[in-house]
Amino acid sequence: MSCEKYFCFYSDVYLKKINGFVLAFNPNTGNIVEVKDSNTVDRISNSLDVFNSVISTLDIDKAVIDSMLKCNLGYTLKEGHKLFIPNSNFLKIEYNLNILKEAEVRILGSVLTKNIKEINLIFSNFYSEKSIHKRQKIYLESNCNKHNAIRLRNLLEQLIRIERHLVNLVSLNLYVSDMHSFKLIKEMVDKEKVRIKVVFHLPLHFYILHYGEFKKMSVVVHIFELKMLIDHLDCFTNAELNLHFSDFNNYTEATLILDELRINYVMTPYVFSNERLFQQHVFVDKEDIVTVGRELKEILSNGVINKNDFGKIFIDSDLNYGTNLYSKPIGTIDQFNVNEFLLSCFESEYSTWFLTRNKVDVCCNCKYNEMCPPISGYEYLLDRYNLCNILK
Amino acid sequence: MNLKLNNQLPYSNEEIKLDFSGRFFPEQIKLGLENTIAINFELTEKCNLKCDYCAYGNMYNNYGIRHERDLDLSLAFNLLDYMHGIMNISSKLNKNKPVYIGFYGGEPTLKMDKIKEIVNYIESNWSNQYAVIFSMTTNGLLLKQNITYFNQKEFELLISIDGNKENNSYRKLKSGGDSYLALYNNLKFVQKYYPLYFDTHINFNSVIHDKNNPTEVTDFLLREFGKKPSCSPLSQSGVEECLSEKFKKMQNNNADISKHDLYKFIRNSTDGIHKNYIDLFYPHWTKRRLIPTAMCIPFSRRIHLCADGTILPCEKIGKELSFGKVDKESVKINFVELTNTINLLLSKAESMCTNCSNNMKCNKCLFQFVKDGQLKLCPDFTTENDEYFNNVLRLFSKDHKLFKTLVEEYNEL
């Protein structure tokens, strides 16, 4: 079958050399070929260093080339053909962390603000809660005094002033659970004519008590008790639900009800002595990783940023801020300086924006680490990084 | 589906159809101005040189008639007050952000009195919240006389020099004589007596034409002054038809494919180079709505006040369109009208850009091919691309490390 002297990988095939393996994966078809023989691995990587996408088939087992052809990873080339063919199997960020550290103030602000995707203001001092398991619920509790609510409101006002520079901001999420804080920020958001999407996140009991107030607003109602949901199903016509569940039976029951009533919802598992639930329903297998229909860039990005967390900022009522609900806070906002504040989200050791699998134990040696979903908050809660059944 | 490989390329124009339906909003242009990098003043239309290829000379017709006018300082002060106002109401991002104040001409050093008055005005009227950097593009003939002031005010100087004596021979004195020796001596004087200033504040710009090439110019300036120039081609817009033969002769048709071009080729033909981390969340730019041509957001880089009070978004474009005006009373920019005018031209450019084989390596500004308010055919428009692509691939094949080196080391920020 393969009698030509060269084999060229398609430009969007993912190629990776790790721990003596060469892995070639076509994200469009889900086909994967893993080469283990050390001589072949060396030959392939030497060829790729020179020709970018092309390998010499001389001295490579014919079966390897045939399997690559069969898996639709590329095509053969004749001798005499121009051999250097660019591919997209690399990622370069021009305004990368090193550049930003040395950037002039002139460009710094505009670059930093472009990287913000989501700002979450939580009217509770959840970063002070040392138990990250308890943090799963604490942002729904009302422990924000009036003084802190005003401080948070003032911070929000400052963020709104730079709103038009936050060109990639998808939403401003406000987690509120008391009427004083709600009115304080609602008034301000209305007055300032905020153009970005503002989403209020409310605990169920608070929503039920005042649900007339939340009409014509983007609202997500957080529910931890399925029974409470069933008792108040008629209240959710305008709101989206986020049902936090710890048990698979609850999950099934809730989805049946909500699907039937055509209510918008998302389901979020929470960690509560239930690792089995995660092992059965959340952990990934090789089949989940080697899936069809992904883009090469999506895979390569997993080696650069944590796409679950990148661009997200969480700020609590003590003005502590971080990049993940369950990570350590990066610091406290004292005097609001946009550049310093945002730069710390890039640089801090507690920032999770760059926490990728190639930096954490177990996953760093896994050949699928870039193909695997990014590290999530569940991994801090379960105290293990590899939520998978591949490397145990 | 894999992209089909055609002619060894990772893509071909048959396979990727770029979407050029992007347009501007008035707010976007206003925001660009509020956060602009530089405010430029054309102090005078007079010059002490008469270069053969001067964009304001006989060979071009799109910069309006030059009457040897000088800028009325009250217009400059009006613009400064206006800019100070809008930069102040803009976001906190502007705080501590340097603003460049640029002086152009003609030859700006012919009007040192005006330069000093503008510098004084800024120092007296602008609060310290902006770090102001004064800059100037000059032919350097009056450099020696003014070096003490430039040094004192830490002016950033961009000096025009096309290389050695032969390379520089299009840059003629008004009398027709050679300007090279006077400039060379001035540069050597500053290099000798103001070495720190020379090292840190002086840069060179070279126009590339048939009497030089980037490699030769760079070698010369590195050897003589330890500096690499930025190289630019002859201005292509507004060339008088009757002089187009002369222009073609002066163009450097054998210019190397620069590192910048190669880097741009990699960026456009692969999905590997991105400006910001956030871009990793979005589809490749080939899948987005693009603004036709390679134009920037007007005023986002600079605002240029001409000697006659006309406002332009850049000194490199002609006065074909009305962007605004400064008079003795006020600054007049109608953002809505301006946006509509630009968007109308962009709508006309859309199909041209969609069908152009150069659309992935375009570096043309929309305003470079507007004449009498109408859009003309872009000088770079072509439907044949194979030659350029093959030349690039040949370079990569010749030097296998080039691709990787450019990706890893080259940065055009």
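1. A charge counts as sitting over a ring if NZ of Lys or CZ of Arg is within 6 Å of the ring centre and within 35 degrees of the ring normal. In this predicted model, B:Lys211 lies over the face of B:Tyr170, 4.4 Å from the ring centre. A second case involves two chains: A:Lys117 sits over the face of B:Phe281, with 4.0 Å to the ring centre.

2. The sheet of chain A described here is open and has 9 strands with mixed pairing. Its strand order reads β13-β12-β11-β10-β9-β8-β14-β15-β16. At the edges are β13 (265-269) and β16 (331-332) of chain A, each of which pairs on one side only.

3. Within that order, β8 and β14 of chain A are neighbours. Strand β8 covers residues 118-122 and strand β14 residues 312-315; the two run parallel and are joined by 4 bridges. One residue pair can be named at this junction: A:Leu121 is opposite A:Ile315 of β14(A).

4. Helix α6 of chain A, residues 146-161, packs on the sheet. The strands touched by α6 are β8, β9 (171-175) and β14 of chain A. The direction of α6 makes about 165° with that of β8(A).

5. Strand β14 of chain A also has a helix lying across it: α14 (residues 338-347) of chain A lies across β14 and β15 (320-322). The angle between α14 and β14(A) is about 115°.

6. A:Asn26 belongs to strand β3 (residues 21-26) of chain A. Is A:Asn26 buried or exposed? A:Asn26 counts as buried because its relative accessibility is 0%, and the cut-off for buried is under 20%. The A:Asn26 side chain has two polar partners to check, both of them backbone atoms. The backbone nitrogen of A:Asn28 is reached at 2.9 Å. The backbone oxygen of A:Asn72 is 2.8 Å from a polar atom of the A:Asn26 side chain.

7. Over all chains, the whole structure contains 39 aromatic pairs. One of them is A:Phe7 with A:Phe9: the ring centres are 5.1 Å apart and the planes meet at 85°, so the pair is edge-to-face. Both A:Phe7 and A:Phe9 are buried.

8. Ring pairs also build a cluster in chain A. The cluster links A:Phe182, A:Phe200, A:Phe206, A:Tyr207, A:Tyr211 and A:Phe214.

Terms used:
Residues numbered from 1 in each chain as written. Chains lettered and ligands numbered in written order. Predicted model: local features only at pLDDT ≥ 70, side-chain atom pairs only at ≥ 80, totals over all residues. Heavy atoms only, no water. Pairing = 2+ DSSP bridges. Contact = heavy atoms within 4.5 Å. Axes fitted to C-alpha atoms, helices over the stretch in contact; angles between N-to-C directions. Buried < 20%, exposed > 50% of the residue type's maximum accessible area, 1.4 Å probe, protein only. Polar contact = N/O pair within 3.5 Å; in protein donor to acceptor, adjacent residues only side chain to side chain. Phe/Tyr/Trp six-rings, centres within 6.5 Å; stacked < 30°, edge-to-face > 60°.
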